[in-house]
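Reader: Hey, could you walk me through the packing inside this one? I'd like a close look, with the cut-offs spelled out as you go.

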Amino acid sequence: MNNSKKLLQFKKGCKLIQPLIAISLVFFISFPGYAQDPVFPVPEWQTDLPDNHNFDPTLLQNVSTYAESINSDSLIVIHDGYIIWEEYWNGLGQTSPQKNVWSVTKSFTSILVGIAQDMGYLSIDDKASDYISEWQNNSSEPVTIKQLLAQDSGRRFSQFSDNWHFRKENSIGKSDMTGYAIGRGQQHTPGTVWRYNNLAIQNLDRVLSMATGQETADFAATALIEPLGMNNTTVFTDNKGQMIMPSHLRTVARDMARIGYLFINDGNWNGQQILPQSYVTEAISPGSTLNDAYGFLWWINTGANDTWRHPAISNNAEQTGIIFPDAPSDLYAASGNNGQVVIVSPSENLIIVRQGHEKIDGPEIINSMYRETSAAMY
């Protein structure tokens, strides 16, 4: 082949390659999240304009208006690791004061158990009675740690006892909360009944303290609070120094978001695997066949034919369908009384945090906060 023909073929090849290069450049410019590593809040969250993340700031203002209408204290929207919207009301701010986030604490507790398992202190398949001697040789002996996490342990429940000891802070301060929970006794055969049960979760304090050889509050500080840089977070303890496991974590919205960001990054935090990816996957999958909307102390979305239960819906009666109908199927959330929420949408790399006072029963607050926020996306 002479040189002129070779040159002609080379030019034709270049014409074919040029569009491919252009397409590749457009892809990487338009979708920077695919080309970049996660942006971690080390030491602080970075902020960015909503327009840079395909969010309409005018429509995000509608989210803020909605949040204010339901007596919110804080609202944060995080996309691709950047805070793109942040507002506070009623005296709250980025660093103070801390707010009781109620049952968001349960999801925090779930992470502690996962870390303890990864460190070799326990297995979630262990019987809780391996760590709670009072449960040995009686009907509580078969209860597993996993069943405590999944809320199908069958521990005794009453509306009065379950609420009184956790909603009245002065009663918490007087109590041996863990001792009280351990002594409540067994109501159902483990694995046969799903029940949202605060006192059942409190037993995880004894499990963790015996397994790790230290107070659970101390383990929480060194294993999770400090590594995640949750500098404006404290756990609540009773008079015996025992951590209150199902509620009363004191924190700010930016620290709440760190919990969601740990999960959205599969347990990795700035290159350190705080929590195994396998545990994250388990925690946001149904923990029991008795409730498709509940993992290991996390609420998860369901499919059209799934069955689920929620303590605020028809007194825990079984429901069928999608629990968060306006949200993606992979959405999950940490949720507490009066609408304290950390909402995570992995497919959109999106986290929404809300603190407040308004009592919005059931899954409505999660679905509505997501719906309002997603309406601002384009």
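Author: Helices α4 and α12 are oblique to each other, because their angle fits none of these bins: under 35 degrees (roughly parallel), over 145 (roughly antiparallel) or 65 to 115 (roughly perpendicular). The axes of α4 (residues 104-118) and α12 (residues 253-264) cross at roughly 45 degrees and come within 11 Å. Axes here are lines fitted to C-alpha atoms over the stretch in contact, with angles from 0 to 180 degrees between N-to-C directions. Helices are DSSP runs of H or I with at least four residues, and strands are E runs of at least two, numbered from the N terminus.

Bear in mind that this is a predicted model: local features need pLDDT of at least 70, side-chain atom pairs count only at pLDDT 80 or more, and totals for chains, interfaces and linings use all residues. Numbering starts from 1 along each chain as its sequence is written, and side-chain values use heavy atoms, with hydrogens and water left out.

Back to α4. Its crossing with α12 is left-handed (the near helix is turned anticlockwise from the far one by less than a right angle). On the α4 side, V104, F108 and I111 make the contact, meeting M256, I259, L262 and F263 of α12 (contact is heavy atoms within 4.5 Å). That patch has seven nonpolar residues, with no polar and no charged ones (nonpolar is Ala, Val, Leu, Ile, Met, Phe, Trp, Tyr, Cys and Pro; charged is Asp, Glu, Lys and Arg; the others, Gly among them, are polar).

α4 also packs against α10 (residues 204-212), at about 25 degrees with the axes 11 Å apart, so α4 and α10 are roughly parallel. This crossing is left-handed too. Here T109, L112, V113 and A116 from α4 meet L204, L208 and T212 from α10. The mix at this contact is five nonpolar and two polar residues, with no charged ones.

Now for a strand. In β13 (residues 350-356), seven of seven residues are buried (under 20% relative accessible area, 1.4 Å probe, protein chains only). L350, I352, R354 and G356 point one way and I351, V353 and Q355 the other, all of them buried. β2 (residues 72-79) runs antiparallel to β13 through seven bridges (pairing takes at least two DSSP bridges), and H79 sits opposite L350. β12 (residues 340-345) is antiparallel to β13 as well, through five bridges, with V342 partnered to V353. β12 and β13 make a hairpin with four residues between them, and N349 in the turn has a positive phi of about 50 degrees.

Definitions and conventions: Buried means under 20% relative accessible area, exposed over 50%, partly exposed in between (1.4 Å probe, protein chains only).
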